[in-house]
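Reader: I should like the terms applied to this model to be justified one by one. Please set each value against its definition.

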Amino acid sequence: MLKAQKAIRAMRVLVVDSREEDRAAVSERLQHEGYEYVQACGSGEEAIRGLSRSLAMRQPVDLVILGLHLPDRPGIEAFEEIHSVFDVAIILLATPEERTLAMEGLARGADDYLPRPLNLGLLLLKSEKALTKRFLRRELRRSTSRNETLFLNVLSVMAKVLEAKDPYTRFHSENVSTLGSSVAREMGFQDDEVRRIGIAGILHDLGKMGIREAILKKAGPLDPEEREIVKRHPVIASTILDPIEQLQGAIGYIKYHHERVDGGGYPEGLKGEDIPLGARIIHTVEAYDTMTSRRSYSPARTTQEALDEIRSLSGAQFDPQVVEALTLVLKRRGQIAVKDQDRTGRSLAELLDDLTDRVKIED
Ligand SMILES: [Fe+2]
């Protein structure tokens, strides 16, 4: 037997049907065909319990073969309940009178349907088709996850280089990443987008790799020429990261993290909504973190002073909705005074790893 075929036969099937003879016939036929995990029950309640249990044991059911009109769930109620809660393929069994209901189920996301009286050969084919589809989807996810690991390794190397070059950047990047993610979450962003902002936070100053250490570590204010050199860092970062396909969503946040909503920023002097929202978030939290950090040539402001200043520049330098979200996040943490409480003491590479773990696809 081919490896894929073997894996498909090892997938879990639950037969839910109030007609005992059909239930037994379907189960027997599947087992005879080599399916290793076939269970059966006759009510919606038992089905939900069985599906929940298998999920809790991390052995989720892959396919439910489901009769309509269960004693405790009339019509397609059981289908609706299972479909809305569990990630599972569903094949409906329907008498000719139930055909309309089965069609409704198909329209709402059932994978297939089979008319009664049952043709068991056809049911086997349909089951195999639904399970193969799930198997291929799972394999695709696995390979995506492998690519993701490779991509993370590249980022980790970059983060380490950056850390070695300018130790201040290490805490700054972590703070911008953590606070930026919280602000994004506060603004109702989805997980993927929050993660993108977290990654952009860690890498936003990567372009400083291309700037002389004498300037980065200068003990005093920069002269105009040095300031111009430092201003190149967002473009340098976006040029370095541009070939990495998985970062495409985050590169704009990095490239434009010094743009101001009034158009007075750099590199392009973009205004308002022309600046990606992620970049407006990074810009605001970066300013907050810079103001509250002690650099060699300027003392740190208190967190309250920094927030007051950011609020006074809302609508000019900073996006008002981002400023509001930042204010709420800081208030909620009750941390206006303890800004370092989120520091983990871990390396940037570990933090990046964490960001990916949060969205790792479960198999
Ligand atoms: Fe920057």
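Author: A helix here is a DSSP run of H or I with at least four residues, and helices are numbered from the N terminus. The model is a predicted one. Under that numbering, α2 is followed by glycine 34, whose phi is positive, near 110 degrees.

Reader: How do you know that the end-to-end span of helix α2 agrees with its number of residues?

Author: The expected span is 1.5 Å times one less than the number of residues. For the 13 residues of α2, from 20 to 32, this gives 18 Å. The C-alpha atoms at its ends lie 18 Å apart, which agrees.

Reader: Which residues of α2 are called buried, and what puts them on the same side of the helix?

Author: A residue is called buried if 20 or more other C-beta atoms lie within 10 Å of its own. Asp22, Val26 and Leu30 are buried in α2. They cover an arc of only 60 degrees around the axis, which places them on the same side of α2. The face turned away from that buried side carries Glu20, Glu21 and His32, which are exposed; the cut-off for this term is 12 or fewer such atoms.

Reader: Why is strand β1 described as largely enclosed?

Author: The burial criterion is met by 5 of the 5 residues of β1, so the rest of the structure largely encloses this strand. Arg12, Leu14 and Val16 point one way from β1, while Val13 and Val15 point the other way, and all are buried.

Reader: What makes β1 and β2 a pair?

Author: Two strands pair if DSSP finds at least two bridges between them. β1 and β2 run parallel and are joined by 5 bridges, so the requirement is met. Arginine 12 stands opposite tyrosine 37 in β2. Between these strands the chain passes through α2, in a β-α-β crossover that is right-handed.

Reader: How many bridges join β1 to β3, and how many join β3 to β4?

Author: β1 and β3, also parallel, are joined by 4 bridges, with valine 15 opposite isoleucine 65 in β3. β3 (residues 63-67) and β4 (residues 89-94) pair in the parallel sense over 5 bridges. Both counts satisfy the minimum of two, so both are pairs.

Reader: In what order do the strands of the open sheet lie, and which are the edge strands?

Author: The 5 strands lie in the order β2-β1-β3-β4-β5, with parallel pairing. The edge strands are β2 (37-41) and β5 (112-115), each pairing on one side only.

Terms used: Residues numbered from 1 in each chain as written. Predicted model: local features only at pLDDT ≥ 70, side-chain atom pairs only at ≥ 80, totals over all residues. Helix = DSSP H or I, 4+ residues; strand = E, 2+ residues; numbered from the N terminus. Arc of directions from axis to C-beta. Right-handed = clockwise from strand over helix to strand, strands pointing away.
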